[in-house]
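Q: I'm new to this structure and would love a close look at one small part of it. Could you walk me through a single loop and then say a little about the cysteines?

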Amino acid sequence: AFFWLVSLLLSSLIWFIAVKASDPQDEPLQKGLLIFGVMFSVLLQEAFRFLYYKLLRKAIEGLVALSEDGCSPISIQQMAYVAGVGFGLMSGAFSMINLLADAIGPGTVGIHGDSQLYFLTSAFMTMVLIFLHTFWGILFFHGCEHRRWWEITAVVVMHLAVSGSTFCNPLYVGSLVPSYLLMATAAVWAYLLSGGSAQNLRRFLLCKS
Amino acid sequence: MTELSAHLPQFQHGQLTENFPDNHLSNTNDNSERRRHDNSERRRNDNPESETNEQPQNNIQQVVEQDEEEDEELTLKYGAKHVIMLFVPVTLCMVVVVATIKSVSFYTRKDGQLIYTPFTEETETVGQRALNSILNAAIMISVIIVMTILLVVLYKYRCYKVIHGWLIISSLLLLFFFSFIYLGEVFKTYNVAMDYITVALMIWNFGVVGMICIHWKGPLRLQQAYLIMISALMALVFIKYLPEWTAWLILAVISVYDLVAVLCPKGPLRMLVETAQERNETLFPALIYSSTMIWLVNMAEEDPEAQKGRSKASKNSTYDKQAPANQTQNEDAEADDGGFSQEWQQQRDNRIGPIESTPESRAAVQGLPSNSQTSEDPEERGVKLGLGDFIFYSVLVGKASATASGDWNTTLACFVAILIGLCLTLLLLAIFKKALPALPISITFGLVFYFATDNLVQPFMDQLAFHQFYI
């Protein structure tokens, strides 16, 4: 969570500088700058995910060196999951919390002609992003562990795609549907990477031991 | 020492983790005389290490060396537990403060300032305002320094009665007066009708139970809850009565002062810690949050003979009913068997041969002088954080939630920053094993994140939310 926050900080710093250096009245320029800010932020987030991976690797080595039986009490997969969840939660919290605070108060949604589904779609989008971050964490760390660069690039590309799809908002079908599809893909992929299989799933669902 | 770790996962053998307060007591509001204001430090006392070991015998040296290696493992292994043990109360305190700030408008209304911050911030020019806030902060810090030095001097010259009286009066004030005000304001906010008799009864009960829990004996959870509540109350007072820039400046300067006071050889806090170590006494229970054992007010007045007798007698009785893995052995004020459960003692006997577990032999093994059993051993189990830390963390987060334009984003960012700072501080504690100031890292992170989030992230997130872009 902290790492995500730092990445957000840096990316908003960049954006802020860009905005201050540009003409505030120029609407398309501002929007363009915002888009640039978003893309840059995505890249920074992934970079920080990588940095976090490096840090955790060092930590695991330390733990292994100190433990009595040569294996660390927490595996890299667990760390990947936790890292993903942390990223996701922080991202979700930052996206939603002001909305939630405003939602408690009085008001009408979309009174100025905006979409009336604003809160709903925001909620769904946030949820899908949180899930995605979790899965991306697992995929990313797995890719780093096994030196499969294509996995890492896949994660980055997916992230960019999801963020990019939100540029279609308020045409929600353009953003929500692809995001959920991507999430399903990522979910299956992460599940398979974590050692799951169709058999496991069936056994779990049918409560066989 | 695998057996040890298996049976007592929470016990770091020979590791004392102590957080000592800054013992700076200063007054709170215009009408009152006392205010408690503590910074904290954490100290790690390695019992087996030769610095405190005053009886260097060969077999003890062997035990000592073994212990040192395994200390490292255990340190890092169970460091995570300790971090969590501190996260929860810090989070709770902050949650209480933020919840109050958001709902009860009393604490964000400007109703004047304390006499410690005489210069107003409602000035015409920015320069004047800056100057005033610098002066305010300077006055406040000098008050704090004077109070700390006074406390250290009193402690050095063994004027325990004075210190105790001071602490009791300030906790009385907090528990009764401030909570009365708090309750009144909460009732006003929610428009609850209440009569004086009920309020008197509630405050009376709350206050008396609080006094007993904090200064004497009580269930650990209740004591922790009370300490959190009074820290929150104190933080709320600070948030209300300190003007903007002064508050931020004070936070910054206080973390610098904490760093200096704890780490410099002539710093007052360090002297306090060292004096306490020399005398093998506990520090004031009312100023420290302890995550596991409860404290007894066992200062120098306690008769060492009585301690020994009690510890021997109660040793066999207390731990029979407790599960070995029970982390919080709190109910028993008779935790005078030195905090060792039966299992551990058996293990120890197996390991180094049956020793008659007199206080003397226990002292030899642990390297502690014998009359310190009851007062030192409970500290081995947990992590301690001074209440001043709680207060200042909560002040930072509360101020962030009260005055930030980014509102919840800023609050959340400061919260995460403070927790990460706390993590880092605990990590440093595990590495350095001595008293450490808990304020600097967390407050620095918190301040950086506050100003950064408020000014940089906030507009960005606003724009994103407006267009419903997601990053």
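A: Happily! Let's start with A:Thr166, which sits in the loop of chain A that runs between α5 (149–165) and α6 (172–193). Please keep in mind that this is a predicted model.

Is A:Thr166 buried or exposed? A:Thr166 is buried, as its relative accessible area is 0%. Its side chain has a polar atom 2.4 Å from the backbone oxygen of A:Ser163. Leaving aside residues up to four places away in sequence, A:Thr166 touches A:Met125 and A:Ser175, together with B:Gln468, B:Phe469 and B:Tyr470.

Now move along to A:Leu171, which is also found in the loop between α5 and α6 of chain A. Here the relative accessible area is 54%, so A:Leu171 counts as exposed. For a sense of distance, take A:Leu171 and A:Trp4: they are 167 residues apart in sequence, and their C-alpha atoms are 28 Å apart in space.

Finally, the cysteines. How many disulfides does the structure hold over all chains? The count is zero. A disulfide is a covalent bond between the sulfur atoms of two cysteines. For B:Cys93, the closest cysteine sulfur belongs to B:Cys414 and lies 15 Å away, which is too far for a bond, because a disulfide needs the two sulfur atoms within 2.5 Å. B:Cys93 is also buried, at 0% relative accessibility. In chain A, A:Cys144 is buried too, with a relative accessible area of 1%.

Note on methods
Residues are numbered from 1 along each chain as its sequence is written. Chains are lettered from A and ligands numbered from 1 in the order in which they are written. This is a predicted model: local features need pLDDT of at least 70, side-chain atom pairs count only at pLDDT 80 or more; totals for chains, interfaces and linings use all residues. Side-chain values use heavy atoms; hydrogens and water are left out. Buried means under 20% relative accessible area, exposed over 50%, partly exposed in between (1.4 Å probe, protein chains only). Helices (H or I, at least four residues) and strands (E, at least two) are DSSP runs, numbered from the N terminus. A polar contact is a pair of N or O atoms within 3.5 Å; within protein, one must be able to donate a hydrogen and the other to accept it, and residues adjacent in sequence count only if both atoms are side-chain atoms. Contact means heavy atoms within 4.5 Å.
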